[in-house]
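Me: I should like to learn how the features of a structural model are read. Please take them up one at a time.

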Amino acid sequence: MKKKENYLITGATGYVGKQICNRLLSDGHMVSVIARDKKRISDMEDSGIKVYESDITDTYGMENVNGPFDYIIHCAAVTRSDIMISSPVQVADGIVIGTKNVLEVAKRSGVKSVVYISSMEVYGKVKNIGKLITEDILGDVDILSARSCYPLGKRMAEQYCYGYYSQYGVPVKIARLSQTFGKGTDKNDTRVFMQFAKAAKYGKDIVLKTSGMSYGNYCGIEDTVEGILLILRAGENGQAYNVVNEANTMRIRDMAELVAGNLSCSENGQGRINVIYDIEDNSKTGYAPDTELRLSSEKLRGLGWKPGKKLIQMYRDILEEL
């Protein structure tokens, strides 16, 4: 029988955090979470999860989060582009100050391992260099842009992780997630993959607000959770790992065509849906700039990770629940 261990999860109301909690509970582990409002996760308490009520940016409040913990997985961060545009200061504070406070919890708790959930957005705008992008290659991020609060905040949070590892010996690793979806995805999610899924479900044309030339890097939720837990237990301290299924990397416009051509299940019985373009000003919409980023998963696969969920099946998982 597996030994029960203590896990602290931040961002447990978010998609990835919630799926991690479910997996750990099903494996029989003890789970604690941090939440600003206990009412939002009252159902979690019913599942035996311990709730610490605090905002992760509240340094004094976070002093009451004292464990003991064996592992910490820090998922909390704003992911909505419209909030990044309207409240860049708060978004940056949540990422940077919040991560520092979580690392302080890890430092005084003497945990076995920490994983910080970062993002592929840390890479910024990367030119096509003829090969997949490994963790040591970074592109440009426009400092003078409100939207950059997210990728720049994530970069600084990663620097804090490395600083706490090198200066204090905190055993922290970084998981740079590609876009993750599948079973359990929030039906109200506004990101492009959910827009495509709903178009297929209801027989409506897919409308692209950009040229669709950016590459998208994707990974199924089951594979993502497995990757995070593997990094937690087998990753090297102070290192970053891309969590991406290379087989699912493609341009946004190609993904739109994939969905339109293969997944139209219109309830009104109409035929194949179309892909049309209605391009808007990115400075107002908050869409990330076009990128030719294609991530490598070689480093994580070196730990024994083998993603299996293909993009088409990820969409079918969403459609089953819509």
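**A histidine and its surroundings**

Reply: In this predicted model, H74 is found in strand β4, which covers residues 71-74.

Me: How is burial judged, and is H74 buried or exposed?

Reply: A residue counts as buried when its relative accessible area is under 20%. H74 has a relative accessible area of 2%, so H74 is buried.

Me: With which side chain does the side chain of H74 make a polar contact?

Reply: A polar contact requires a pair of N or O atoms within 3.5 Å. The side chain of H74 has such a contact with the side chain of T10, at 2.6 Å.

Me: Which residues is H74 in contact with, leaving aside its neighbours within four places in sequence?

Reply: Contact is taken as heavy atoms within 4.5 Å. With those neighbours left aside, H74 touches T10, I56, G98, T99, V102, V115, Y116 and I117.

Me: Turning to the chain, what does the radius of gyration indicate for the protein chain?

Reply: The value is compared with that of a compact globule. For 322 residues such a globule would have a radius of gyration near 20 Å, and the protein chain agrees because its value is 20 Å. Its C-alpha atoms fill a box of roughly 60 × 40 × 40 Å along the principal axes.

Me: What share of the residues of the protein chain is buried, and how many helices and strands are there?

Reply: Of the 322 residues, 49% count as buried. The protein chain has 12 helices and 13 strands.

Me: What share of the contacts with a separation of 6 or more joins residues 24 or more positions apart?

Reply: In the protein chain, such residues account for 79% of those contacts.

Notes
Residues numbered from 1 in each chain as written. Predicted model: local features only at pLDDT ≥ 70, side-chain atom pairs only at ≥ 80, totals over all residues. Heavy atoms only, no water. Helix = DSSP H or I, 4+ residues; strand = E, 2+ residues; numbered from the N terminus. Rg over C-alpha atoms; globule rule 2.2 N^0.38 Å. Buried < 20%, exposed > 50% of the residue type's maximum accessible area, 1.4 Å probe, protein only. Polar contact = N/O pair within 3.5 Å; in protein donor to acceptor, adjacent residues only side chain to side chain.
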